[in-house]
Structure formats: C-alpha cells, structure tokens
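Here's a quick tour of a protein–DNA model, meant to be read with the structure open beside it. Take a look first, then we'll go through it piece by piece.

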Protein chains: 2
Amino acid sequence: MKKSEQKMQDILSFIEEYTKNSGYPPTYREISANVNLKSINSVKKYLDRLELAGYIKKSGFKSRSIDLVKQEIPTVNFPVVGRVAAGQPILAEQNIEERLVISSSLIGNYDDSLLFALKVRGDSMIDAGINDGDLAIVHSQNTVENGEIAVAMVEDKATVKYFYKNEDKISLHPANPLYQPIEGKNISVVGKVVAIIRKI
Amino acid sequence: MKKSEQKMQDILSFIEEYTKNSGYPPTYREISANVNLKSINSVKKYLDRLELAGYIKKSGFKSRSIDLVKQEIPTVNFPVVGRVAAGQPILAEQNIEERLVISSSLIGNYDDSLLFALKVRGDSMIDAGINDGDLAIVHSQNTVENGEIAVAMVEDKATVKYFYKNEDKISLHPANPLYQPIEGKNISVVGKVVAIIRKI
DNA sequence: TCAAAAGTCAAACATTTGTTCTATTTTTAC
DNA sequence: GTAAAAATAGAACAAATGTTTGACTTTTGA
C-alpha cells in the first residue's frame, strides 16, 4: 500500500471515531493534529480524495460538514407492549414497556411505525415452534390470510393463533392438540406475526 | 404548555432531524431559519436552556458542536456465518454472509465480538421449538453446561443439539424422537445458543 | 537512479459561526 | 388589566474553520 493511502485510511478512521464519540465531525485542524499532519492543506487534499473515492461528502465552506457515507445496517425500531388493556389502543403509551431494535432483514419490509412486539403467554402454539415467553413481532393489520399466524383480540384479551375464515366465520386454531379452536364472535384481528424471538 | 416550551421542542426536533439527515448538527443560523426565529441570540438562549435541561451538550465557541444526548437503544452487532468449512475458523471472513443488529436486551450480556449467528438446518430440535431455517444466535465458547443447547462440530459439520457430559463422555441429544443422540469422539463445542430468531 | 508526480508545509485570506450587547416586543402571572 | 419577567430582534464582535497560494520535500515508477 502506498504511504498516502495508509494516511487516507487513518484519516477516515479518525473521522469515524471522532464522530461516534462527539456526535459531530472533526474540523480540518483537529484532523491534522491527530494524524500527524502539520499542514491543514494536506488534510484538505486527503478529504478531497476521500470524497472523490466516495467515503465522505462535504459541503464547501461549511464547518464540520464531513458526512460519512457509511453503509449502516438497516434496522427497525418498535415497542414491546405489556398487558393489553381492554378498550385501549394497543400502542397506547401506557402499554409500552421498552423499545427494541433489530435488523430489517430479519423481518421483511414492513413499516416501522406499524410494528410492535408482544410476549407470548402459554403453550397453545407450541407445535408451531412458539413457546411460552417467546417474543412475537407483530405487524399491525386488520386482516390476515388464511393459515397465517395472527394476533387477535378475543374478549378483550390478546391471543396468538392460526387464523382461518370460511364464509365470514372466523376461527382461531391453536397449534397444540390440548386446546380447542376458538370460533365466532368477538374476534378482531390486530396484526400478523412476522417474527419470533426467543432468549435462551 | 408555555409558548417558549413549544419552541424548545421544535428546536430539539429540528436538530434531531437535521443531524439524522446530514450526519452533522446545524448551526445557530440554520436553526433560526427553520424554526421561525429571526434572532440568533434567541436560538442561543434556547440552546442554553436545552443544555441545562439535559437534552443536548455544547462545547463553547465550537461550531456545530451540538451533541444530542439521546438515549440510544443498546445493540449488538454480529455476523451470520454460512457454510462452515472444515478446518477453518468459524468466523473466517469467507464464511460471513452478512452482519445483523439486535437489541442487547434480547440476548443477555454477551461480548459483541464473540457472537455469531447460524441458520439451523433440519428438524432435529423441533421439540425445543427450533425449526428448520431458524436463525440461532451463538456465543462462542469451548464448553457449555449440561442441558444447554450447544453448537458443536461433529465430523466437520456444525450441529445444534442439547449438550450432556458424563464422566468425560459427551453426548448430543436431539429434541425429536426420530433422531438418535450422537455420542463420543470427534465432538467439539463451538458455542452456546443464546437466542433463536424466526422470520415467518 | 532520476525525473515527474505527489505530498507536505506555512501563511494569508475569506467565510462561517458562536458570543455579547442593547433596545424593543411579547408573554406571563397576579 | 398591569407590571414584571421573558422572549425576540438586530447589529457588532471575536473566534473558528475551510480555502487558496506558492515554495519545498518526499515518494513513486520506469
């Protein structure tokens, strides 16, 4: 590697670290002081090269306007809801226990603001590989396709089941022979389970 | 809410959005232009208040030195390994297919650099709620406790099983009556399964 | 090795940007 | 409603930060 290419690396690393620590990028002089370059002009030339090479973007004459064009891992951010109280919207402030983040690629292309998570209670879906205590990530929607796993409100309680609908009759099927399907009235679909996370 | 408190909110929101979009914070003048304040001095007073209230940190006389003291959600970052080639270290560059991120709270307090993920193949752990295609998050370690779920190398292939050890005899137990336990020689523990993620 | 190219340096400059000051207007609280 | 407090505005200032220029030194590549 050329000597100057090493310097380019050093400068890029310094910018990354500085930005991470400070919340804003360094100035040319701060860079010069930290990569063993006494000339501000040299710094500028390196930054021009870094920009040309696509590692950063700058805005002329603006201070600290180094924008790292980093390839961040895309994530989604969603709340974990606790007890779902009757009558309240699921995503009501009071229900939210914490917020979590996971890579978008783990759940498919859903809108951030329509996702939430729910801790699964009971073993009624155990044959679908959903255990007591698992975290279900749910996409809010009013209907799901037959055979999909849905979160539904049954008599003011949230439940996770396979969803089926024949001629306007809704039934929720457990994945456990010990339980009976739930049929009929007072069932409203809240969302579709798009992922399961289990801490072991 | 007082009128000035609303303005404080507006300014904070603008800073957050600007920083997210640009990679660096706005100047006082950019703020003033975007929150309907014609006086730079007013901006400064609001920023002083925001700092006093703990929302931001500033460094005197530094340009664009607004540091948002956001409460970020802690995450861990780990690679997904594909085929594990014989003889190679699991985390070898060639094995890594992508990198993922999830909230730390989803897996417990493990060291970032010792985590990796592995796609589970087969249904030998189905009664433990681990399905074909599930992603297992693994903490690299050379030994695990009896009864824990381990990733082990058996004849140069990675497998996920319950781990048991009696008087130096290691056995790997599937969670599926259709499979037999694996015993004996040529078994080396690679890590412990700390979480399971399933995309549905 | 040697000439050309690239990198380094220092200094002066132009622009941006945070700070301070004073006067005026608006809001707040009784 | 009214006086005190708070917020706003404009301008001048001081410090910082990016840019440019030209001379010098080092590195590169045949």
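## How the two copies relate

To compare the copies, they are superposed by least squares on the C-alpha atoms of residues with pLDDT of at least 70 in both. Two copies of a chain are related by a rotation about an axis and a shift along it. Here, a rotation of 179° with 0.4 Å of shift along its axis puts chain A on chain B, with an RMSD of 0.5 Å. The two copies are thus related as by a two-fold rotation axis. Want a landmark for that axis? In chain A, the residue that comes closest to it is Ile102(A), with its C-alpha at 1.8 Å. As for the interface, 100% of chain A's interface residues are also interface residues in chain B, so the copies meet through the same surface.

A few ground rules. This is a predicted model, in which local features need pLDDT of at least 70 and side-chain atom pairs count only at pLDDT 80 or more, while totals for chains, interfaces and linings use all residues. Residues are numbered from 1 along each chain as its sequence is written, chains are lettered from A and ligands numbered from 1 in the order in which they are written, and side-chain values use heavy atoms, with hydrogens and water left out.

## DNA strand C

Now for the DNA, where "near" means that a residue has a heavy atom within 4 Å of the strand. Of the 26 residues around DNA strand C, the ones that come nearest are Ser39(A), Asn41(A), Arg49(A), Lys3(B) and Asn41(B). Sugar or phosphate supplies 70% of the strand C atoms within 4 Å of the protein, and bases supply the rest. By class, this surface has six nonpolar, nine polar and 11 charged residues (Ala, Val, Leu, Ile, Met, Phe, Trp, Tyr, Cys and Pro count as nonpolar, Asp, Glu, Lys and Arg as charged, and the others, Gly among them, as polar).

Which atoms approach the strand? A polar side-chain atom of Ser4(A) lies 2.8 Å from a phosphate oxygen of DNA strand C, and a backbone N or O atom of Ser39(A) lies 3.4 Å from a phosphate oxygen of the strand. On the base side, an N or O atom in the side chain of Asn41(B) is 2.5 Å from a base nitrogen of DNA strand C. Two or more residues each come from helix 3 (40-52) of chain A and from helix 2 (28-34) and helix 3 (40-52) of chain B. Helix 3 of chain A gives the largest share of this surface, five residues. (Helices, H or I with at least four residues, and strands, E with at least two, are DSSP runs numbered from the N terminus.)

## DNA strand D

There are 27 residues around DNA strand D, and Lys3(A), Asn41(A), Lys38(B), Asn41(B) and Arg49(B) come nearest. Sugar and phosphate make up 67% of the strand D atoms that come within 4 Å of the protein. The surface divides into six nonpolar, nine polar and 12 charged residues.

Several chain B residues approach phosphate oxygens of DNA strand D: a backbone N or O atom of Lys38(B) at 2.7 Å, a polar side-chain atom of Tyr46(B) at 2.8 Å and a polar side-chain atom of Arg49(B) at 2.5 Å. The elements giving two or more residues here are helix 2 (28-34) and helix 3 of chain A, plus helix 1 (3-22) and helix 3 of chain B. Helix 3 of chain B has the largest share, with five residues.

## An aromatic cluster in chain A

Over all chains, a search turns up four aromatic pairs (rings of Phe, Tyr and Trp, using its six-membered ring, pair if their centres lie within 6.5 Å; planes under 30 degrees apart count as stacked, over 60 as edge-to-face and the rest as tilted). One of them joins Tyr18(A) and Tyr24(A) edge-to-face, 6.2 Å centre to centre with 70° between the planes. Ring pairs also link Phe14(A), Tyr18(A) and Tyr24(A) into a cluster.

Are these two tyrosines, Tyr18(A) and Tyr24(A), buried or exposed? Tyr18(A) is buried at 13% relative accessibility, and Tyr24(A) is buried at 5% (buried means under 20% relative accessible area, exposed over 50%, partly exposed in between, with a 1.4 Å probe and protein chains only).

## Lys192(B)

Lys192(B) sits in strand 11 (residues 187-199) of chain B and is buried, at 16% relative accessible area. Its side chain makes a polar contact of 3.4 Å with that of Glu148(B) (a polar contact is a pair of N or O atoms within 3.5 Å; within protein, one must be able to donate a hydrogen and the other to accept it, and residues adjacent in sequence count only if both atoms are side-chain atoms).

Conventions: Contact = heavy atoms within 4.5 Å.
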